[in-house]
Amino acid sequence: MAALVLTIGIGVGVARSGELDGPSAYVELPVPVPLPSAALIDTDGRPYDLRDHLAGRMTLLFFGYTNCPDACPIQLAVLAKSFDALPSDVRARLSVVFVTTDPGRDTPERLRQYLDGFDSSFVGLTGSVGELSDLQIAAGVPVAVAEQPATDGTYLVGHATQVLVFEEDGFARRAYPFGVRQSDWVHDLPYLAAQVGS
(Lines give C-alpha, C1' and ligand atoms only; values in the text may rest on other atoms or scores of the structure.)
Protein backbone atom coordinates (compact mmCIF):
# COMPACT_ATOMS: atom_id res chain seq x y z
CA MET A 1 0.00 0.00 0.00
CA ALA A 2 1.39 3.38 -0.93
CA ALA A 3 1.82 6.03 1.72
CA LEU A 4 -0.64 8.85 1.95
CA VAL A 5 0.85 12.05 0.59
CA LEU A 6 -0.21 15.52 1.66
CA THR A 7 0.80 18.53 -0.38
CA ILE A 8 0.92 22.17 0.50
CA GLY A 9 -1.65 24.43 -1.13
CA ILE A 10 0.69 26.61 -3.12
CA GLY A 11 -0.57 26.03 -6.61
CA VAL A 12 -0.50 23.29 -9.16
CA GLY A 13 2.58 22.19 -11.04
CA VAL A 14 6.14 23.37 -10.86
CA ALA A 15 7.00 27.02 -11.07
CA ARG A 16 9.78 28.11 -13.35
CA SER A 17 11.73 31.16 -12.31
CA GLY A 18 14.12 33.44 -14.10
CA GLU A 19 15.92 34.02 -10.81
CA LEU A 20 18.19 31.07 -11.46
CA ASP A 21 20.26 30.50 -14.57
CA GLY A 22 17.74 28.50 -16.59
CA PRO A 23 14.65 26.53 -15.55
CA SER A 24 14.28 25.67 -11.90
CA ALA A 25 12.07 23.12 -10.18
CA TYR A 26 10.99 25.11 -7.16
CA VAL A 27 7.58 26.54 -6.32
CA GLU A 28 7.38 30.12 -5.06
CA LEU A 29 5.58 30.38 -1.74
CA PRO A 30 2.82 33.01 -1.81
CA VAL A 31 4.05 34.42 1.53
CA PRO A 32 7.53 33.92 3.00
CA VAL A 33 7.50 31.48 5.93
CA PRO A 34 9.71 32.31 8.93
CA LEU A 35 11.80 29.48 10.36
CA PRO A 36 9.69 28.33 13.30
CA SER A 37 10.95 28.63 16.83
CA ALA A 38 10.95 25.03 18.03
CA ALA A 39 12.98 23.16 20.64
CA LEU A 40 13.21 19.52 19.59
CA ILE A 41 15.55 16.57 20.26
CA ASP A 42 18.38 15.61 17.92
CA THR A 43 19.73 12.15 17.18
CA ASP A 44 22.16 12.39 20.12
CA GLY A 45 19.23 12.96 22.46
CA ARG A 46 20.19 16.60 22.99
CA PRO A 47 17.94 19.67 22.79
CA TYR A 48 18.01 21.27 19.35
CA ASP A 49 16.55 24.73 18.85
CA LEU A 50 15.86 25.29 15.16
CA ARG A 51 16.55 29.01 15.17
CA ASP A 52 19.69 28.76 17.29
CA HIS A 53 21.27 25.93 15.34
CA LEU A 54 20.30 27.06 11.85
CA ALA A 55 20.83 30.79 12.10
CA GLY A 56 22.69 32.12 9.06
CA ARG A 57 22.53 28.81 7.18
CA MET A 58 20.68 27.71 4.08
CA THR A 59 18.45 24.91 5.37
CA LEU A 60 16.44 22.28 3.51
CA LEU A 61 13.64 21.22 5.89
CA PHE A 62 11.69 18.02 5.23
CA PHE A 63 9.04 16.19 7.27
CA GLY A 64 8.77 12.41 7.12
CA TYR A 65 9.29 9.14 8.97
CA THR A 66 11.65 6.18 8.86
CA ASN A 67 8.98 3.59 8.02
CA CYS A 68 7.82 5.55 4.99
CA PRO A 69 7.73 3.13 2.04
CA ASP A 70 8.23 5.60 -0.79
CA ALA A 71 8.42 9.40 -0.59
CA CYS A 72 10.94 9.73 2.25
CA PRO A 73 13.60 7.29 1.05
CA ILE A 74 13.31 8.61 -2.49
CA GLN A 75 13.55 12.26 -1.42
CA LEU A 76 16.48 11.61 0.92
CA ALA A 77 18.34 9.46 -1.61
CA VAL A 78 18.02 12.13 -4.29
CA LEU A 79 19.21 14.82 -1.90
CA ALA A 80 22.16 12.69 -0.77
CA LYS A 81 23.24 11.97 -4.34
CA SER A 82 22.84 15.63 -5.19
CA PHE A 83 25.05 16.61 -2.26
CA ASP A 84 27.68 14.12 -3.41
CA ALA A 85 27.79 15.91 -6.76
CA LEU A 86 28.35 19.35 -5.24
CA PRO A 87 31.67 21.10 -4.65
CA SER A 88 32.69 20.88 -0.98
CA ASP A 89 32.39 24.65 -0.46
CA VAL A 90 28.77 24.60 -1.68
CA ARG A 91 27.87 21.59 0.42
CA ALA A 92 29.37 23.21 3.54
CA ARG A 93 26.86 26.06 3.30
CA LEU A 94 23.79 23.79 3.32
CA SER A 95 21.96 21.86 6.02
CA VAL A 96 19.35 19.14 5.53
CA VAL A 97 16.97 18.75 8.47
CA PHE A 98 14.61 15.75 8.59
CA VAL A 99 11.84 16.07 11.20
CA THR A 100 9.92 12.93 12.03
CA THR A 101 6.13 12.77 11.77
CA ASP A 102 6.11 9.47 13.67
CA PRO A 103 7.66 10.12 17.09
CA GLY A 104 6.23 6.92 18.54
CA ARG A 105 8.54 4.78 16.43
CA ASP A 106 11.27 7.20 15.42
CA THR A 107 13.58 7.34 18.40
CA PRO A 108 16.72 9.49 18.14
CA GLU A 109 18.75 6.31 17.63
CA ARG A 110 16.45 5.06 14.88
CA LEU A 111 16.55 8.43 13.12
CA ARG A 112 20.35 8.46 13.18
CA GLN A 113 20.60 4.95 11.81
CA TYR A 114 18.12 5.76 9.06
CA LEU A 115 19.71 9.04 7.99
CA ASP A 116 23.20 7.55 8.03
CA GLY A 117 22.00 5.29 5.23
CA PHE A 118 21.73 8.42 3.08
CA ASP A 119 24.15 11.06 4.42
CA SER A 120 25.62 11.25 7.91
CA SER A 121 25.49 15.07 7.81
CA PHE A 122 21.68 15.10 7.64
CA VAL A 123 20.11 16.29 10.90
CA GLY A 124 17.29 14.23 12.40
CA LEU A 125 14.85 15.68 14.91
CA THR A 126 11.99 14.41 17.02
CA GLY A 127 9.74 15.72 19.78
CA SER A 128 6.33 15.26 21.30
CA VAL A 129 3.27 14.85 19.09
CA GLY A 130 2.15 18.34 20.07
CA GLU A 131 5.53 19.94 19.37
CA LEU A 132 5.77 18.30 15.97
CA SER A 133 2.21 19.27 15.05
CA ASP A 134 2.89 22.87 16.07
CA LEU A 135 6.07 22.89 13.99
CA GLN A 136 4.27 21.65 10.87
CA ILE A 137 1.58 24.31 11.29
CA ALA A 138 4.21 27.01 11.79
CA ALA A 139 6.07 25.79 8.69
CA GLY A 140 2.87 26.07 6.64
CA VAL A 141 2.46 22.38 5.82
CA PRO A 142 -0.46 20.06 6.63
CA VAL A 143 -0.13 18.18 9.91
CA ALA A 144 0.72 14.52 9.36
CA VAL A 145 -2.04 11.97 9.93
CA ALA A 146 -1.42 8.35 10.96
CA GLU A 147 -3.63 5.62 9.56
CA GLN A 148 -5.29 3.03 11.76
CA PRO A 149 -2.75 0.29 12.52
CA ALA A 150 -3.02 -3.00 10.66
CA THR A 151 -3.46 -6.27 12.56
CA ASP A 152 0.33 -6.60 12.80
CA GLY A 153 0.61 -3.14 14.35
CA THR A 154 2.15 -1.45 11.33
CA TYR A 155 0.73 1.78 9.99
CA LEU A 156 1.41 4.48 7.44
CA VAL A 157 1.59 8.22 8.07
CA GLY A 158 0.31 10.72 5.54
CA HIS A 159 2.64 13.72 5.54
CA ALA A 160 3.77 16.67 3.45
CA THR A 161 6.51 15.70 1.00
CA GLN A 162 7.92 19.02 -0.17
CA VAL A 163 11.30 20.37 0.92
CA LEU A 164 11.16 23.90 2.33
CA VAL A 165 14.22 26.06 1.65
CA PHE A 166 15.00 28.47 4.48
CA GLU A 167 17.48 31.14 3.49
CA GLU A 168 20.12 32.84 5.61
CA ASP A 169 17.63 35.42 6.85
CA GLY A 170 15.46 32.68 8.33
CA PHE A 171 12.64 32.80 5.76
CA ALA A 172 11.48 30.20 3.26
CA ARG A 173 10.40 31.68 -0.07
CA ARG A 174 10.39 28.50 -2.13
CA ALA A 175 9.62 24.83 -1.79
CA TYR A 176 10.67 21.87 -3.89
CA PRO A 177 7.87 19.37 -4.49
CA PHE A 178 8.35 15.64 -4.28
CA GLY A 179 9.80 14.24 -7.48
CA VAL A 180 12.43 16.91 -8.19
CA ARG A 181 15.27 15.32 -10.13
CA GLN A 182 18.86 15.14 -8.97
CA SER A 183 19.92 17.26 -11.94
CA ASP A 184 17.59 20.05 -10.79
CA TRP A 185 18.96 19.98 -7.25
CA VAL A 186 22.54 20.03 -8.54
CA HIS A 187 21.61 22.95 -10.79
CA ASP A 188 19.90 24.98 -8.06
CA LEU A 189 21.86 24.30 -4.88
CA PRO A 190 25.04 26.21 -5.83
CA TYR A 191 22.90 29.27 -6.55
CA LEU A 192 21.04 28.92 -3.27
CA ALA A 193 24.25 28.40 -1.32
CA ALA A 194 25.76 31.49 -2.91
CA GLN A 195 23.04 33.56 -1.26
CA VAL A 196 24.45 32.69 2.17
CA GLY A 197 26.62 35.54 3.32
CA SER A 198 26.04 37.57 0.16
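Helix α2 passes helix α6 in a right-handed crossing. This comes from a predicted model. α2 covers residues 71–84, and α6 covers residues 182–194. Their axes come within 9 Å and cross at roughly 50°. That angle makes α2 oblique to α6.

Which residues make the contact between α2 and α6? From α2 come Val-78, Leu-79, Lys-81, Ser-82 and Phe-83. From α6 come Gln-182, Trp-185, Val-186 and Leu-189. These residues divide into six nonpolar, two polar and one charged.

Now for two single residues. Are they buried or exposed? The cut-off for buried is under 20% relative accessible area.

| Residue | Location | Relative accessible area | Class |
|---|---|---|---|
| Tyr-48 | strand β4 (residues 47–49) | 7% | buried |
| Ser-24 | loop between β1 (5–6) and β2 (27–34) | 0% | buried |

Tyr-48 counts as buried because its relative accessibility is 7%. What does Tyr-48 touch, leaving out residues up to four places away in sequence? Its contacts are Ala-38, Ala-39, Leu-40, Asp-42, His-53, Leu-54, Val-123 and Leu-125. Take Ala-38, one of these partners. Ala-38 and Tyr-48 are 10 residues apart along the chain. Their C-alpha atoms are separated by 8.1 Å.

Ser-24 is buried too, with a relative accessible area of 0%. Which side chain does the side chain of Ser-24 meet in a polar contact? The partner is the side chain of Asp-188, at 2.4 Å. Asp-188 falls within the range of α6, residues 182–194. Ser-24 itself lies in the loop between β1 and β2.

How values were computed. Residues numbered from 1 in each chain as written. Predicted model: local features only at pLDDT ≥ 70, side-chain atom pairs only at ≥ 80, totals over all residues. Heavy atoms only, no water. Axes fitted to C-alpha atoms, helices over the stretch in contact; angles between N-to-C directions. Helix = DSSP H or I, 4+ residues; strand = E, 2+ residues; numbered from the N terminus. Parallel < 35°, antiparallel > 145°, perpendicular 65-115°, else oblique. Left-handed = near helix turned anticlockwise from the far one by under 90°. Contact = heavy atoms within 4.5 Å. Nonpolar A, V, L, I, M, F, W, Y, C, P; charged D, E, K, R; others polar. Buried < 20%, exposed > 50% of the residue type's maximum accessible area, 1.4 Å probe, protein only. Polar contact = N/O pair within 3.5 Å; in protein donor to acceptor, adjacent residues only side chain to side chain.
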